[in-house]
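Got the viewer open? Let's take a short walk through this one, stop by stop.

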Amino acid sequence: MTAMNGRPVDGDGAARPTSPGATRGDTVAAVVGQWQAVHPDLDTGPMEIIGRINRCAALLQQAEDAPLRRAGLSRPEFDLLGALRRTGHELTPSELTRETFSSGAAVTKRLKLLTERGLVERRGDTRDRRVAHVRLTDAGRDLVDAILPEQLAYETTVLAGLDTPAQDELASRLGELLVQLEGRMGMLRV
């Protein structure tokens with residue numbers, strides 16, 4: 001018998017611990033197996049996805065993007081520089097906050113460091129002194145242009161264990177999840 005979500009269930013309708021993730025051998029599979037032993041009545045399928053996304057994110061953050069580290073940049077700093085480079089024009093700190101999914105305080109702190117390094121410049125708005133406009137300096141643009149190919153090569157190496165169709169499928173599925181989350185996260189907050 002199968003539940004509405006397609007997972008096998010036993011006679012009383014509880015999900016059985018026979019999910020594909022339980023046989024994968026990764027750390028999340030072990031955690032899922034432990035939860036299934038404690039609560040065999042619960043469907044741990046969502047944990048297999050969210051847990052793996054979180055574990056992958058944590059491992060990627062620990063690896064700390066080697067090309068960026070060599071350039072003395074964090075991923076969030078590179079994201080700010082990249083936003084300025086890819087949009088091709090000045091942005092306000094508020095616009096950078098939206099572009100990089102960061103808090104205003106974090107963007108302010110990063111802009112201060114990047115300004116001190118000579119990678120960005122700030123200029124005041126002629127009509128409203130409270131507004132600043134941020135742009136890349138030549139050094140900032142040159143740094144982004146130099147790092148991007150190396151960063152993409154690094155990310156290609158990270159994903160090398162997956163063939164192209166698997167990468168395409170993963171990108172598509174993650175994109176679908178992201179669109180759903182971006183549209184619903186406001187409703188999910190407590």
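We start with confidence, then visit a helix pair and a pocket.

This is a predicted model, where local features need pLDDT of at least 70, side-chain atom pairs count only at pLDDT 80 or more, and totals for chains, interfaces and linings use all residues. Residues are numbered from 1 along each chain as its sequence is written, and side-chain values use heavy atoms, with hydrogens and water left out.

Colour by pLDDT, the predictor's confidence in each residue, from 0 to 100. The chain's mean is 84, and 84% of its residues reach 70 or more. Now select residues 1-22: pLDDT is below 50 there. Where pLDDT is low, the predicted coordinates should not be read in detail.

Next, pick α1 (27-38) and α2 (45-63); helices here are DSSP runs (H or I, at least four residues), numbered from the N terminus. Their axes, lines fitted to C-alpha atoms over the stretch in contact, sit 9 Å apart at an angle of about 145 degrees. On the α1 side of the contact (heavy atoms within 4.5 Å), show W35 and Q36, among others; on the α2 side, include R52 and R55.

Last stop: which residues are closest to the centre of the largest pocket? Select I53, C56, A57, L60 and L174, five of the 42 that line the pocket. A pocket is an open set of 1 Å grid points, over the protein atoms alone, where a 1.4 Å probe fits, with protein on both sides within 12 Å along at least five of seven lines; lining residues have an atom within 4 Å of a point. α2 gives the most to this lining, with 12 residues.

How values were computed: Helices (H or I, at least four residues) and strands (E, at least two) are DSSP runs, numbered from the N terminus. Axes are lines fitted to C-alpha atoms, for helices over the stretch in contact, and angles run from 0 to 180 degrees between N-to-C directions.
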